[in-house]
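New to this one? Have a look at the sequence and the model first, and then we can walk through a few spots together.

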Amino acid sequence: MNDSPTTGNSWLARLWPIVPIIAALLLTSVLLLLFNASPAESFGAMVSGAFGDTNKVLSVLAFWVPLLLCSIGLLVTFTAGLWNIGVEGQIILGAIGASWVALHLKAPAPILITVEILVAMAAGALWAAISAVLKTRGHVSEIFSGLALNNLAIILTNYLISGPWQPPEGGTFRGTAPFPEAALMPRLLESRFSPLSLILAIVAFAIVAIMLNNTTWGLKLKALGKNPYSSFLLGVSSERETILAMMFCGALAGLGGAVRVLSWFDSLRQSISGGIGFLALLIVMLAAYRILWVPLIAFFFSAVLNGSITLQLRTQLHSSLGGVLTGLMVLFVLLFGTARSVGIGKKQDTDSGAPEVTAGPASTISSDMGGGG
Amino acid sequence: MRVELQDIRKYFGPVKANDGISMTLEEGRIYALVGENGAGKSTLMKILSGYQPPTSGQILLDDIPVDFHSPADALLKGVGMLYQDPLDMPPFRVIDNYLLGRSDHARLDYKSARAELEGLATRYGFELDVRAFIDTLSLGERQQLEMVRLLAGGAQFIILDEPTTGISAEQKDILFDSIRTLAFQENKTVILVSHKLEEIQDLCNHAYVLRRGQLVGETELPCPNEKLVEMMFGQVPERSPRPPFETGEIALSLEDVSVETHRLSIHGVNLEVRAGEVFGFAGLEGSGQRLILKACAGLEPVTTGRIILSGEDVTRWGYHRMQDYGMAYMAAGRLEEGLVAGLTLTEHLVLVDPEPSFFIDWPDAQADMSGRIETYQIVGTPDTTADALSGGNQQRLMFSLLNDHLKLLLLEHPTRGLDVRSTDYTWQLLYQRREEGTAILFMSADLDEVIERSDRIAVFSGGVMSRILNAQETTAEELGHLIGGEA
Amino acid sequence: MNESDVVRILASIMLQSSPLIIAVCGEILTERSGVINLSLDGSMLMAAMVGFVFGLQMNNVWLGFAAGAIVGAIFAAIVAFGSIQLKQNQVAIGFVLTLLGDDLSAFLGQNYTRMPGVTVPHTGIPLLQDIPVLGPIFFDQDIVVYFALVLVGITWYWLNRTQPGLRLRGSGERPEAAFARGVNVNRQRYLYTILGGALVGIAGAAYSLNVKIGWSDGHIRGFGWIALAIVIFGGWSPIRGAMGAILFGATKALATALQGAFPEVSVVAFNTLPWILMILVLLAVGSDFTERFISIMPKSWQPPLRNILRVQPPMALGTSFSEE
């Protein structure tokens, strides 16, 4: 038992949260040295790649918005104790939904964009509902159904862009033809950033924040995430709330997908999600499920990833470096993030939400594994 | 083996679970360890069996001081503990369970293990099928298997924790015979933790009594029950008298109800419970009483027959619809099936609001919960999480969350694990409910409780419900016969 | 299709499934001890990359396998350390490692994409390979395939017929009861998480050095997840798990064969097969389908059938254990 109060190193306890971040930076530096690249120069290139000029900043913002949308959607599913790994597929379905409208509907821009967004949200929500129903009715862990559905969504995209929706000049497997200007979200200064998408994200953020803390539905999800059976006995319909939580997240992810095709790109592309769904999962974990931290961390991730793309263009270093850096940070924070986990500082009764919330989703996998026989 | 405890202390922070306990256990005798809930019995047993080291104090086996590093180490030194819920491997076969940890050889010697196991079982009058899977055995058989394992491991001092809870009368007799053989013929030392004074009087030679972590008395057995009770509680507690009550109209009726699961089926149950009546179900765990309770709650589908509650046919209704209609169900495991660990008391209250608003009015809910905390004497604040409450307070919280004017209240073991005072308070709360015309249907493993608290009683045995008994005219003996399946 | 075509396809199915079989056996050992190592997809990618590069550098395919095993063991050790020592969430750690392994393999392997490397030599077993039909399928293969098949038998025997196997299963079923019998539960969990991880690493290397030779970004993305699903489908039994792996290998081979036979059907339809199959098998396991199937069988068959078909996760899977 090492949770006795140790006042001597309280400064260490206070500074502890940044230790994992520094460790991740150091380890990434070692990797860079392995490739004969200077860490200082590389990180510098990443920073200037992210914030070097207006266009780059707008690019970070444009990448940030869908990331934020997915992250706050995932807060809802995590609260309900669900590991919505299928978020990636829900983004793709949203993108496909928006693309379908953009390719087939002729209407004035405001109507067209509204319809695109609504269809995208519906498509994402329905794709998420499949996972939810497989879980509530078939006891299939949402982790596995989500993964399968992610892959099916990728295959569907590939089919669409090389088949029915291929550009007139022939299928290239890269994407559809660019959508007409009226179908795209209005973008700032020739950039990929659409202020409309930011407004939508802020509204979504406010809704989720209020929903989780001040509504009966939010409380039901919280109860469900902590103990499904007790919640059922207390009157919470686990099936209904599970499906609704998944669909809520799916709708936000679908909106994120619409932003990807209508603002970041101008067409449906092969890798339309760009791994945003998985990044969003990491963001929520790194934020330890606290909503106020989510936008900040999402912005940081967006900057790192944009920076690493510039880095690749400039130095030929693979852009996965950004993923390595963020992945290491999340890993170290998960392992050593709470000073308590390594026995430093005082034991806190009301520690950050991370350990208790993570305890919820953990149970889902074992309870869904098997159980038929 | 002569066992001596010298000044055993175990502190958890400020809580003194064991506060200087000394006792001596001679070989060839059977001892009882009794005391109220929270008196420190289980802590002492954990120390004796090597699960926890004492904060201070010394254990001597045959006058040699010993330290136990683990339960396995304690067994090596001759101490074996049989838990209420046997520490076996439910998915394993009996023989694999027996072999696990028995030797350091990689190869499993099934042949000699089987001979050994069957030899020991026969010696103590047990019948064990070595090829059976443990999860198909009854609790009594699992206990026998654990006993055999401990004896094969060389146990000279055997500790039994509430061994008769949940086993049949027949298995109890086999168990007691084997305990007598161990002590009186094989000169082993036995100590039994139990709440059931009749059993202790019948089996044991000597009783040690704990109260608030201290040894407060000892006596040779048998002795008058009152003497033991007085030592346990300081004075014999008065149970609050049952207020006389006129029951009302028929609230709940079951007509030829059958429930089938792949483990147990129960057929043709007919039952009527009146408004304000307290109806008790007795029987061994898994005899069908829980199935019927769950069927009444809408948690278990009814195969045939009808369930009628206040004039409505509710046979096919789901649990949540039943809840809305005025049924409440309190399951036995409080934190597993009733309360949500990590949610505050106020949050629980908001969850059960029968007319939920979309937005939560937190100050209002907080005030409401404060009121209920006072009414139900819960030790906690509106912001305390449910898991931070003690067992008795969790039970009170569950009562405080029940809506008013219930038509039907179903309870599984409403007072399990509560001390005498909490039990009494629980029943006061329940009796208040009958004033509102609530029909109360409960099941309990404690026969005295069933007889004393119910108006009428039904006994379940192997999926069959007995005739309905009037509580004032029956005895524990009669119930015992019915539980054993005698008509 | 004539007989020799069928035999050839079956032989190719065995080859295709061999890495999955190895990974499934490894993960079964881990999960049976009570730990979920969810990092399979990432650790197999890393092991595939490291195994390929190391084999190429050393010009020795077996050293490539050894390197893959070490990488898999390291990933597993992180899961074990995080969940056993630090008591953090296994699923979260495993998932982060999955993503990290993906990016890290892409970054570290960036200079080794799309180049030829060393491969496992084909080694027919004399005499046995001449048995008609069975010979070419099982005995005219390479050492990786033989290893996979032998591993299934060893894993089964180890779990079910040895004292260490009882200790391993005990730790995953009811750690407190295992502890009472003198088993050091957390040591078992460390041991089998790391050992299982090493096998997963070997499986990853078996792709890049034998089945899907070479390295590129996300070379075998998805196979780790399929292996995890097969563990559930196989009810945590190595024999049923191996059959599940072969079933998935078969969809792959079938897709290739059918693509040739029906060129007009889009490649899409065949690519979706493994994923749809994954959902369907998990559905069959998760719903009460099995129980319903058993209940229509003759009464006397039911208990043994239930024993064979029952799918029960280790009772303590994913939980932590401390000795108090």
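What follows is a short tour of a helix pair, a set of strands and the places where chains touch.

Keep in mind that this is a predicted model.

Let's start inside chain A. Helix 4 of chain A (residues 54-79) packs against helix 12 of chain A (residues 276-286), with about 60 degrees between them and their axes 8 Å apart. Angles from 65 to 115 degrees would count as roughly perpendicular and those under 35 as roughly parallel, and helix 4 of chain A and helix 12 of chain A are therefore oblique to each other. Their crossing is right-handed. On the side of helix 4 of chain A, the contact residues include A:Pro66, A:Leu67, A:Cys70 and A:Phe78. Helix 12 of chain A brings in, among others, A:Ile276, A:Gly277, A:Leu279 and A:Val284. What sort of residues make up this contact? Twelve are nonpolar, two are polar and none is charged.

Now hop over to chain B. Strand 1 of chain B (residues 3-12) runs antiparallel to strand 2 of chain B (residues 15-25), and eight bridges hold the pairing. These two strands form a hairpin with two residues between them. In the turn, B:Gly13 has a positive phi of about 55 degrees. Strand 1 of chain B is also joined to strand 4 of chain B (residues 56-61), again antiparallel, through five bridges. You can see both pairings at B:Val3: its bridge partner in strand 2 of chain B is B:Leu25, while in strand 4 of chain B it stands opposite B:Leu61.

Next, the places where chains meet. Chain C puts 48 residues into its contact with chain A, which answers with 43 residues. On the chain C side, the elements giving two or more residues are helix 4 (90-108), helix 10 (223-233), helix 12 (267-286), helix 13 (289-295) and helix 14 (302-309) of chain C. Which of them gives the most? That would be helix 4 of chain C, with 13 residues.

Chain B touches chain A too, with 21 residues of chain B against 18 residues of chain A. Here helix 10 (319-325) and helix 11 (345-351) of chain B each give two or more residues, and helix 11 of chain B gives the most, with three residues.

Here is how the two sides facing chain A divide up.

| Side touching chain A | Nonpolar | Polar | Charged |
|---|---|---|---|
| Chain C | 28 residues | 15 residues | five residues |
| Chain B | 13 residues | five residues | three residues |

Methods
Residues are numbered from 1 along each chain as its sequence is written. Chains are lettered from A and ligands numbered from 1 in the order in which they are written. This is a predicted model: local features need pLDDT of at least 70, side-chain atom pairs count only at pLDDT 80 or more; totals for chains, interfaces and linings use all residues. Axes are lines fitted to C-alpha atoms, for helices over the stretch in contact, and angles run from 0 to 180 degrees between N-to-C directions. Helices (H or I, at least four residues) and strands (E, at least two) are DSSP runs, numbered from the N terminus. Angles under 35 degrees count as roughly parallel, over 145 as roughly antiparallel, 65 to 115 as roughly perpendicular and the rest as oblique. A crossing is left-handed if the near helix is turned anticlockwise from the far one by less than a right angle, and right-handed if clockwise. Two residues are in contact if their C-beta atoms, placed from the backbone, lie within 7 Å. Ala, Val, Leu, Ile, Met, Phe, Trp, Tyr, Cys and Pro count as nonpolar, Asp, Glu, Lys and Arg as charged, and the others, Gly among them, as polar. Two strands pair if DSSP finds at least two bridges between them.
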